[in-house]
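Got the model open in your viewer? Let's take a walk through it, from the outside in, with a selection to make at each stop.

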Amino acid sequence: MARFAYVQQFLSGGTAAASSKPPYLLSFRSSTTLIASTVNLAVFADIFFYSLVVPVLPFALSAQAGVPQDDVQYWLSILLAVYSAALFISSPVSGIYADHTSSRRWPLLLGLLALAGSTLLLAFGNSIGLFILGRVLQGVSAAVVWSVGCALLVDTMGSKVGVAMGYVNISMSIALLLAPVIGGVVYNHAGYHAVFYVAFGVVGLDVALRLLMIEKKVARQWIKEPEAESPQVDAEKAFPANPADGKPPTNSAAATPSTEAPIIEPGADASDRDENNNTTEVDKEKHRGRPIIALLKSSRLLAALYGILVESGILIGFDAVLALFVRGLFGWNSTAVAVLFLALFIPGFVAPLAGWLSDRYGAKWPSFAGFVATIPVLISLRFVTENTIQHKVLLAVLLALAGVTLPFSMTPLMAEISYVIEAKEAENPGIFGEKGVYGLAYGLFNCAFALGGIVGPIWAGYVIESAGWGTLTWNFALWSASAAVVVFIWGANTPRAPTTEDAPVEST
């Protein structure tokens with residue numbers, strides 16, 4: 001029974017008995033490096049599996065599911081949209097669940113089960129119905145990884161959230177870089193099922209790291225060391241509701257009303273303090289249970305979510321049509337299509353720079369610059385119209401430029417989500433309760449990303465079929481321009497909530 005209790009505590013990450021021995025290699029397993037690596041591998045595994053089948057889906061729909069060639073574009077768009085729909089629905093649920101559990105570990109492990117089920121269904125399914133079910137489970141897994149993983153990064157990285165999100169984007173870029181190439185090459189040389197054997201290997205490594213990791217808040221049961229605190233904790237320290245001991249200060253400086261904390265009146269007796277404390281609790285209770293409303297009242301957050309929706313719609317929209325476009329124009333096979341994706345994702349390694357800029361200067365200007373720079377790139381894609389070497393080079397160059405501008409659009413907005421929560425907590429300490437709402441907030445991020453993933457492929461597929469490639473490119477350019485306007489008007493320059501030495505935060 002003792003061993004079973006240890007296993008249960010290990011999986012849940014809950015509080016252990018005071019007399020229990022610390023886990024083996026506790027310092028290493030709870031280190032910032034390992035936690036960040038675990039989250040980045042989880043993101044890599046999710047995106048790797050997603051992108052692994054992108055180059056082969058048009059061929060697999062015909063060969064595995066028996067879809068007529070004329071219907072391939074329709075069902076390809078449906079499969080991309082189904083994934084995004086599952087991601088959209090399950091993201092807030094997984095985020096809320098993560099915020100109300102004692103550990104982020106258990107939701108991450110549940111996400112692995114969904115990913116394993118998805119891999120099996122897509123690997124061995126022989127009907128469009130099984131393909132759709134596999135994409136649904138894949139969307140559920142992605143919801144857990146992104147909601148819980150990003151929240152765990154915020155818990156761990158403190159003031160370096162932007163840089164951390166940059167490395168998340170690098171993990172995504174590496175997955176997007178490698179998976180299409182591996183998928184295309186393996187499919188051509190070893191067949192459809194062999195593509196998924198690679199995925200099982202990545203999932204196995206992901207399982208090992210998720211089981212090895214120990215969260216810092218769990219590790220602090222045994223070790224005490226200075227750690228980078230989450231922005232929400234920093235905000236609470238900057239604007240305390242009460243002194244640490246719950247008593248009025250006794251030194252001479254504290255007796256001066258002008259230097260006293262605003263919550264505790266100088267010289268107030270115990271009954272006054274109780275009344276003040278009760279009022280604070282009532283105010284916190286008022287907001288408890290509806291944090292989503294408090295979040296959605298922030299124009300900064302809504303601007304960030306719209307920008308994420310647009311970036312996702314553009315990226316996944318091109319995923320839906322680019323392979324078929326180059327196959328029809330250039331006559332390329334799946335390997336050539338996979339290599340083309342290299343031009344789009346290799347430049348994504350600039351993402352940590354975009355995150356560093358947002359940590360230092362705020363998310364507004366890096367994101368605005370990214371969306372503005374994306375506009376001429378998208379418009380210029382309309383000039384790729386002929387099967388010549390010049391047009392092939394032009395396409396590769398333009399995709400590489402988009403690979404630089406798109407990370408600058410999205411990475412700062414991912415960090416902006418944590419900045420908004422920090423600012424709101426600073427304005428109204430305790431508004432989000434003791435456990436915070438980072439899981440829910442990044443669930444909303446997932447919702448925005450997923451909604452873009454629904455709109456983008458359907459929009460792209462419809463425009464390609466009815467008006468052609470050139471019309472699609474300027475459509476997406478206008479969409480990028482709308483995001484630039486929204487970020488410019490409602491974005492904020494302040495990267496984090498103020499401390500007592502900082503200037504007041506911008507209005508949310």
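Start with the surface switched on: the protein has about 21,100 Å² of accessible surface, and 66% of that belongs to carbon and sulfur atoms. Bear in mind that you're looking at a predicted model. Of its 508 residues, 55% count as buried.

Now switch to cartoon and you'll see 20 helices and zero strands. Contacts reach far along the chain, too: among those with a separation of 6 or more, 84% are between residues 24 or more positions apart.

**Stop 1: a loop residue**

Select Leu-25, in the loop between α1 (2-12) and α2 (26-29). Is Leu-25 buried or exposed? It counts as exposed because its relative accessible area is 60%, and the cut-off for that word is over 50%. Check the backbone while you're here: Leu-25 has a positive phi of about 55°, although it is not a glycine.

**Stop 2: the nonpolar core**

Next, head inside. The largest nonpolar core holds 135 residues, and the ones touching the most other members are Trp-146, Leu-295 and Tyr-442. Which helix gives the most to this core? That's α14, with 19 residues.

Pick Leu-295 out of that trio and show what surrounds it. Beyond its neighbours within four places in sequence, Leu-295 is in contact with Leu-301, Ile-421, Phe-432, Val-437, Leu-440, Ala-441 and Leu-444.

**Stop 3: Ser-312 and Ala-460**

Stay with α14 and select Ser-312, which has its place in that helix. Ser-312 is buried, since its relative accessible area is 0%. Setting aside residues up to four places away in sequence, Ser-312 touches Gly-317, Phe-449, Gly-452 and Gly-453.

Keep Gly-317 displayed and add Ala-460, because Gly-317 turns up again among the contacts of Ala-460. Ala-460 lies in helix α19 (residues 438-466) and counts as buried at 0% relative accessibility. With neighbours within four places left out, the full set of contacts for Ala-460 is Gly-317, Val-321, Leu-472 and Phe-476. Try the distance tool from Ala-460 to Leu-322: they sit 138 residues apart in sequence, yet C-alpha to C-alpha they are 9.7 Å apart.

**Stop 4: Gly-183**

Jump to helix α8 and select Gly-183. Gly-183 is another buried residue, at 0% relative accessibility. What does Gly-183 touch, not counting residues up to four places away in sequence? Show Leu-52, Val-56 and Val-195. Then draw a line from Gly-183 to Ala-338: the pair is 155 residues apart in sequence and 7.7 Å apart in space, C-alpha to C-alpha.

**Stop 5: the cavities**

Finally, turn on cavity display. The count is eight cavities of 30 Å³ or more, and the largest cavity holds about 140 Å³ of space. To find the largest one, select Ser-173, Glu-311, Leu-315, Leu-406 and Pro-407, which lie nearest its centre out of the 14 residues lining it. Colour the helices α8 (161-190), α14 (299-330), α15 (334-345) and α18 (389-427), the elements that give two or more residues to that lining. Of these, α18 has the largest share, with five residues.

What's the chemistry of the lining of the largest cavity, in nonpolar, polar and charged residues? Colour by residue type and you should find nine nonpolar, four polar and one charged.

Terms used:
Residues numbered from 1 in each chain as written. Predicted model: local features only at pLDDT ≥ 70, side-chain atom pairs only at ≥ 80, totals over all residues. Heavy atoms only, no water. 1 Å grid on protein atoms, 1.4 Å probe; cavity = no way out; pocket = protein on both sides within 12 Å on 5 of 7 lines; lining within 4 Å. Points joined across faces, edges and corners; volume = space filled by probe spheres on them. Helix = DSSP H or I, 4+ residues; strand = E, 2+ residues; numbered from the N terminus. Nonpolar A, V, L, I, M, F, W, Y, C, P; charged D, E, K, R; others polar. Buried < 20%, exposed > 50% of the residue type's maximum accessible area, 1.4 Å probe, protein only. Contact = heavy atoms within 4.5 Å. Areas by Shrake-Rupley, 256 points an atom, 1.4 Å probe, with all protein chains shown as cover. Core = buried A, V, L, I, M, F, W, Y, C linked by side-chain atoms within 4.5 Å.
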